[in-house]
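Work through the exercises below with the coordinates open, trying each task before reading its solution.

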Amino acid sequence: MKIALANILSKDAVPVFLLHEGGATRKHQFFKLLAKDDRNHITAFLKKSPPKADCSHLIFMPSKREALLLGVAAKDKFSHRKAFLAARRIVSLARSEKLKHIAVSLDGFLAPGFLGTTEALAEALATQVEIANFEFVKYKTAPQWGWFFVDQISVLVKKHSPQIAQALARGKIIGEEINSARTISNTPGGDMTPIKLAEAAVRAGENCKFKVSILNEKEIRRLGMGGIIGVSRGSTERPRFIIMEHLKGGKNEKPVVLVGKGVTFDTGGLNIKEDEHMSEMHMDMSGGAAVIHILSALSRLKTKKNVIGIVPAVENMPSGSSYHPGDLLKTMSGKTIEVLNTDAEGRVILADALEYSKKYKPRLVVDIATLTGAAVVALGQRASALFTTSEDLERALRSTGEQTGDFVWPLPLWEEYEEDIKGTFGDVANIGKTRYGGAVTAAAFLWQFIKDSSAGSDIVIPWVHIDIAPRMTSIEGDYLAKGAAGAAIALLVKFLRES
Ligand code: BES
Ligand code: ZN
Ligand code: ZN
């Protein structure tokens with residue numbers, strides 16, 4: 001979709017009026033750009049049906065031109081969160097009304113709670129409209145006239161500014177990369193195996209010009225990654241270890257390492273999932289897809305930072321060769337994992353990936369994983385769970401979440417929880433002793449593999465764990481297509497550019 005800055009209302013564009021409940025409509029930037037008859041028509045219409053939050057009308061004006069009137073919350077109740085939703089709602093309405101070209105006024109989205117600059121707002125809005133104009137249709141027969149997507153959004157500003165034009169272009173890139181990650185996540189497990197995921201990373205690297213290396217099973221085994229090998233044993237699809245490098249920062253600048261869970265299908269293994277919970281588990285590689293496309297976005301945005309992406313990719317299947325409950329797996333760190341439940345497989349493969357991340361001497365490690373159903377129970381489906389011992393990182397990420405609409409909310413990472421994951425016959429058990437606080441015990445488990453290095457040194461690597469299970473799929477009212485939501489990409493692209 002073309003997202004273009006404009007200061008005139010072109011003839012083929014349908015103007016979208018964002019109208020506050022109880023607000024003065026005459027002041028809208030578009031009024032003076034319309035013919036007098038059209039203006040009067042809208043005024044008369046709004047007199048009869050004043051704008052109400054969540055109402056929308058597509059009207060025909062005397063000039064035969066259409067206008068989309070969109071009610072939003074009263075001015076004092078409007079927020080940047082509502083502005084993001086309004087942007088997505090506009091595109092969703094434009095898609096259902098088959099409007100090829102729409103025009104919006106940037107000013108309309110300004111809301112008191114937004115802490116960033118106008119450029120930051122333009123960037124965020126461009127991302128929102130781009131992700132709202134996406135639908136996963138690859139496996140569906142197209143309707144007679146083809147799938148409908150909006151072709152163009154003109155963003156009107158009072159004064160043309162190259163900075164805002166650039167911000168829109170950046171936001172569009174981020175939206176495109178989120179959509180590419182959603183495509184990978186939405187692809188059925190049979191078609192998105194570990195090898196295919198690795199190929200997708202290689203393709204992304206070729207397209208966006210960053211280095212990608214893939215380790216095969218033999219190399220994974222040689223590195224002593226018993227966690228990855230263990231989980232992969234039940235599947236005929238062999239594991240891969242994906243390494244991506246975007247090294248555009250200073251030569252001596254330590255990198256940030258991103259680690260993404262790449263379980264291309266999670267049946268639960270021998271602790272097999274009940275059927276109602278299994279059908280969405282082709283999206284259990286959403287953390288991995290996010291890492292691939294964060295690297296792509298950073299590369300396309302020419303971000304001058306050093307960022308490494310790592311994705312352990314496996315399929316978790318039950319079979320005669322599966323790992324068993326009770327197995328003791330030796331990880332790359334030397335620590336053993338006591339497998340008490342084969343469905344807690346994400347943390348097992350991440351244990352090896354986190355250990356591998358240390359070889360880069362990172363200034364920060366961030367892992368992104370659809371790790372626990374318990375995080376969904378704790379937070380619902382509106383924010384990803386955030387774990388870190390650093391108050392600064394917590395504050396920064398929460399604020400970036402607000403500015404991108406990609407929300408995160410903290411849960412505790414305390415040493416007390418380590419009691420819950422002590423192994424009996426191995427060093428660390430892969431599930432907690434009770435069924436309570438599963439998202440927290442999973443985080444405590446991962447922590448064991450980042451806090452001590454295998455060499456036993458006491459270097460503390462700043463670390464953030466983001467459990468994106470709550471935001472794995474979109475929900476009603478998100479104004480996003482069904483399926484993968486592309487969580488943590490907008491959040492981390494902004495965060496990494498600014499940190
Ligand atoms: N991939 C799942 C977690 C998940 C659940 C992601 C729902 C997205 C939506 C993970 O591997 C898993 O199965 N976790 C178990 C852990 C349990 C066995 C301790 C869970 O959450 O039930
Ligand atoms: Zn699982
Ligand atoms: Zn899983």
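The exercises that follow concern the bound ligands and their surroundings.

This is a predicted model, in which local features need pLDDT of at least 70 and side-chain atom pairs count only at pLDDT 80 or more, while totals for chains, interfaces and linings use all residues. Residues are numbered from 1 along each chain as its sequence is written, chains are lettered from A and ligands numbered from 1 in the order in which they are written, and side-chain values use heavy atoms, with hydrogens and water left out.

**Exercise 1.** Identify the protein donors of the zinc ion (ligand 2) and classify its site.

Solution. Begin by collecting donors, that is, N, O and S atoms within 2.8 Å of the metal (3.2 Å for Na, K and Ca). The protein supplies D266 (OD), D343 (O), D343 (OD) and E345 (OE), at 2.0 to 2.2 Å. In sequence these donor residues follow the spacing D-x76-D-x1-E. Next, examine the angles: among the 6 donor atoms they run from 71 to 166°, and the site is irregular. Six donors count as octahedral if opposite donors are over 155 degrees apart and all others between 65 and 115, and arrangements that fit no listed geometry are irregular.

**Exercise 2.** Repeat the analysis for the zinc ion (ligand 3), and find the residue that bridges it to the zinc ion (ligand 2).

Solution. K261 (NZ), D266 (OD), D284 (OD) and E345 (OE) coordinate the zinc ion (ligand 3) at 2.0 to 2.4 Å, with the sequence spacing K-x4-D-x17-D-x60-E. Here the angles among 6 donor atoms span 78 to 173°, and the site is octahedral. For comparison, ideal octahedral angles are 90 or 180 degrees. Finally, D266 bridges the two zinc ions, which lie 3.2 Å apart.

**Exercise 3.** Describe the polar contacts (pairs of N or O atoms within 3.5 Å) of ligand 1 with D284, E345 and G373.

Solution. Start with the side chains: a polar atom of D284 lies 2.9 Å from a nitrogen atom of ligand 1, and one of E345 lies 2.8 Å from an oxygen atom of ligand 1. Then turn to the backbone, where a polar atom of G373 is 2.7 Å from an oxygen atom of ligand 1.

Key. Polar contact = N/O pair within 3.5 Å; in protein donor to acceptor, adjacent residues only side chain to side chain. Tetrahedral: all angles 85-135°; square planar, octahedral: opposite > 155°, others 65-115°.
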